[in-house]
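Student: Could you take me through one part of this model up close? I'd like to see what sits in the middle of it, and then how the pieces around it pack.

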Amino acid sequence: MVWLAQVVRRVVLPLVATLLLAGFLATLLMRLAPGFGIDQRELDARLSAGSVNAIRESHAADRNPVAFYFRWLSGVLRGDLGHSASLGQPVAQLLGDRAPVTARAMTAGLVLGWCFGLALALVVTGWPSTPLEAAAGFLGAVFLCVPSAVMALLLVFAGGAASQVLVAGGAISLIVFPRVFRYARGMLAQAAARPHVMTGRARGLSGARLLFLHILPPVVPSLLALAGVSVSLAFGASIPIEAICDLPGIGQLAWQAAQQRDLPLLANLTFLVAGVTVIANTLSGWVNGRPGEKAP
Amino acid sequence: MKLVRRLALVTLVLVYLACLGADLLAPAGYATQHRESPNAPPGRAFLLGTDELGRDLLARLLHGGRISLLLAPAAALLSTFLATLAGLAAGLLGGWPERAFARAIDVSMSLPWLFLLLSIRAILPLNVQPLESLLIMFLLLGILSWDAAARVVLAGTRSLRTQDFVIHARVCGVHGWRLVWRHMLPNLRPLFVAQFWISVPYFILTEANLGLLGLGVGEPLPSWGNLLRGLESLPALADAPWLLAPLVLLVISVGCFHLLAPMEESHT
């Protein structure tokens with residue numbers, strides 16, 4: 001029971017508090033949207049002044065941000081996220097259609113980016129050689145300097161007939177890879193400089209043995225913390241990448257909503273992505289044994 | 001490594017000088033349309049050719065560089081300043097303000113800031129002038145990116161608070177601004193410098209992404225982001241490789257900023 005209480009106190013409560021606050025920010029944005037609270041029926045010339053006033057009065061409750069927030073929150077709990085003005089569809093339906101596409105591209109991108117970044121960091125640490133380190137560092141640095149939208153453009157043209165999800169996943173992986181490599185390389189280099197590792201090397205332990213038994217294990221918690229952060233990174237990258245790859249996912253939806261100034265849709269998207277990010281961070285912190293803690 | 005950093009510094013200074021001297025290097029002006037020569041290849045009159053409206057691409061590249069290279073550091077200064085102010089105050093107060101502040105950082109870091117940036121931009125009225133929208137965009141970048149730097153400053157302040165020299169100063173009656181100004185800030189300076197250098201390339205890349213998506217700087221103002229839209233016709237680049245110039249200059253500048261960042265740490 002003590003364990004359960006600790007999980008509730010250190011994982012569930014911060015998670016719920018963060019989500020509620022993110023939701024409040026989302027609704028605040030909706031309230032600030034130009035034209036908020038204006039009903040199209042007010043323009044109907046056949047309506048009398050009394051009818052127009054009645055319509056305005058029906059929106060009066062929404063003018064109070066807190067009341068508006070609780071109304072929105074109760075809608076969210078019922079699965080009602082409102083209506084997209086620009087696309088003319090319920091936001092929940094739009095999200096339901098597009099979330100799986102983004103999930104597939106992000107999963108492909110995160111898995112590829114992590115595999116490539118971590119593998120390269122492990123090779124450079126386990127079998128140190130100056131040319132290899134320089135080449136890996138240069139590769140990572142180049143990808144860090146190219147905007148994600150340009151990366152997506154290059155992959156779209158290089159990919160030819162390849163599926164859009166694969167191309168978007170590839171572009172996301174190229175965004176994730178240099179950050180994973182840089183961070184993992186730094187952590188592994190610190191672990192490799194510890195006295196017991198150097199003693200092992202002096203005694204003739206093989207590179208693989210040193211790497212997998214002495215260097216990697218102490219670094220795993222920090223890498224797990226980075227895993228949570230990389231979800232947020234991949235979400236951010238998904239906007240330009242999906243827009244360029246013409247992939248009908250959450251990122252493309254956000255881009256379209258921004259162009260159409262569809263703020264309710266954007267605010268709901270922000271809330272949804274914040275929720276996924278918070279859950280990913282909390283899970284990575286929990287697996288790590290340090291709930292709520294994130295990578296530096 | 002010192003040599004590489006020196007080279008990066010020299011390269012960056014050259015890029016800055018070229019951008020600041022845009023009026024001398026490309027006197028045609030970034031908005032002047034030479035209708036008689038649209039899509040012209042590089043030549044004597046236009047060193048990098050012209051765009052479809054006959055505007056000098058070199059002038060647009062250098063003036064665009066001014067925007068990215070002057071406003072990105074300004075936004076980085078703003079975010080570092082906000083982070084310093086908040087992190088220092090929370091770290092010095094300790095107790096519940098510190099815990100509340102740490103929770104606020106967590107919340108802020110959980111919010112997908114590019115989504116947030118798009119949302120806030122969508123609130124802006126439609127009749128905002130290009131220059132105003134540009135300033136607002138970089139202002140938003142500076143304000144929204146306070147969290148990562150604040151976390152570092154908070155951690156630094158927390159560790160300094162318990163150092164012997166700070167305790168000694170407090171015992172001797174040094175409090176408030178004097179303690180912060182004389183004892184804390186000088187010791188935290190390396191953190192601010194690092195955060196500043198880390199943020200600059202990050203903001204340049206963000207502007208480039210937004211510009212390429214058509215959500216950045218409005219026409220006729222040039223920026224490296226909206227110049228990258230020339231890459232959308234990538235197959236045509238085989239015949240017009242000079243259209244890659246904005247990308248090359250962007251990668252070089254961002255790479256130089258990364259090399260000059262004092263710590264092996266970056267925004268993730």
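Tutor: Sure, let's start with the largest nonpolar core, which has 128 residues in this predicted model. The residues with the most contacts inside that core are Ala152(A), Ala168(A), Ala171(A), Ile172(A), Ala254(A), Leu266(A) and Leu269(A). As for who supplies the core, helix α9 of chain A (residues 207-245) gives the most, with 18 residues. As a bit of background, nonpolar side chains in soluble globular proteins tend to be buried together.

Now zoom in on Ala168(A). If you skip its neighbours within four places in sequence, Ala168(A) is in contact with Ala105(A), Ala152(A), Ile241(A), Glu242(A), Cys245(A) and Leu247(A). Notice that Ala152(A), one of these partners, is itself listed among the residues with the most contacts in the core. There is also a second, separate core, this one of 16 residues, and it includes Ala83(B), Leu88(B), Val152(B) and Leu188(B).

Back in chain A, have a look at helix α7 (residues 164-192) and its packing against helix α5 (residues 130-145). Their axes are 9 Å apart, and the angle is about 135°. That is under the 145 degrees needed for roughly antiparallel, so α5(A) and α7(A) are oblique to each other. The crossing of α5(A) past α7(A) is left-handed. On the α5(A) side you'll find Ala136(A), Gly140(A), Phe143(A) and Leu144(A), and these meet Leu174(A), Phe177(A), Pro178(A), Phe181(A) and Arg182(A) from α7(A). Sort that contact by class and you get seven nonpolar residues, one polar and one charged. The spacing along each helix is worth a thought: an α-helix has 3.6 residues a turn, so residues three or four places apart point the same way.

Chain B has a helix pair to set beside that one. Helix α3 (residues 57-93) and helix α11 (residues 245-260) of chain B have axes that come within 11 Å and cross at roughly 30°. Since angles under 35 degrees count as roughly parallel, α3(B) and α11(B) therefore fall into that group. Their crossing is right-handed. Leu61(B), Gly64(B), Gly65(B) and Leu69(B) make the contact from α3(B), while α11(B) brings Ala245(B), Pro246(B), Leu249(B) and Ser253(B). By class, that contact has five nonpolar and three polar residues, with no charged ones.

Finally, go back to chain A for helix α8 (residues 195-202). None of its eight residues is buried, so α8(A) lies largely in the open. Just after α8(A) comes Gly204(A), with a positive phi of about 95°.

Note on methods
Residues numbered from 1 in each chain as written. Chains lettered and ligands numbered in written order. Predicted model: local features only at pLDDT ≥ 70, side-chain atom pairs only at ≥ 80, totals over all residues. Axes fitted to C-alpha atoms, helices over the stretch in contact; angles between N-to-C directions. Helix = DSSP H or I, 4+ residues; strand = E, 2+ residues; numbered from the N terminus. Parallel < 35°, antiparallel > 145°, perpendicular 65-115°, else oblique. Left-handed = near helix turned anticlockwise from the far one by under 90°. Contact = placed C-beta atoms within 7 Å. Nonpolar A, V, L, I, M, F, W, Y, C, P; charged D, E, K, R; others polar. Core = buried A, V, L, I, M, F, W, Y, C linked by C-beta atoms within 7 Å. Buried ≥ 20, exposed ≤ 12 C-beta atoms within 10 Å, placed from the backbone.
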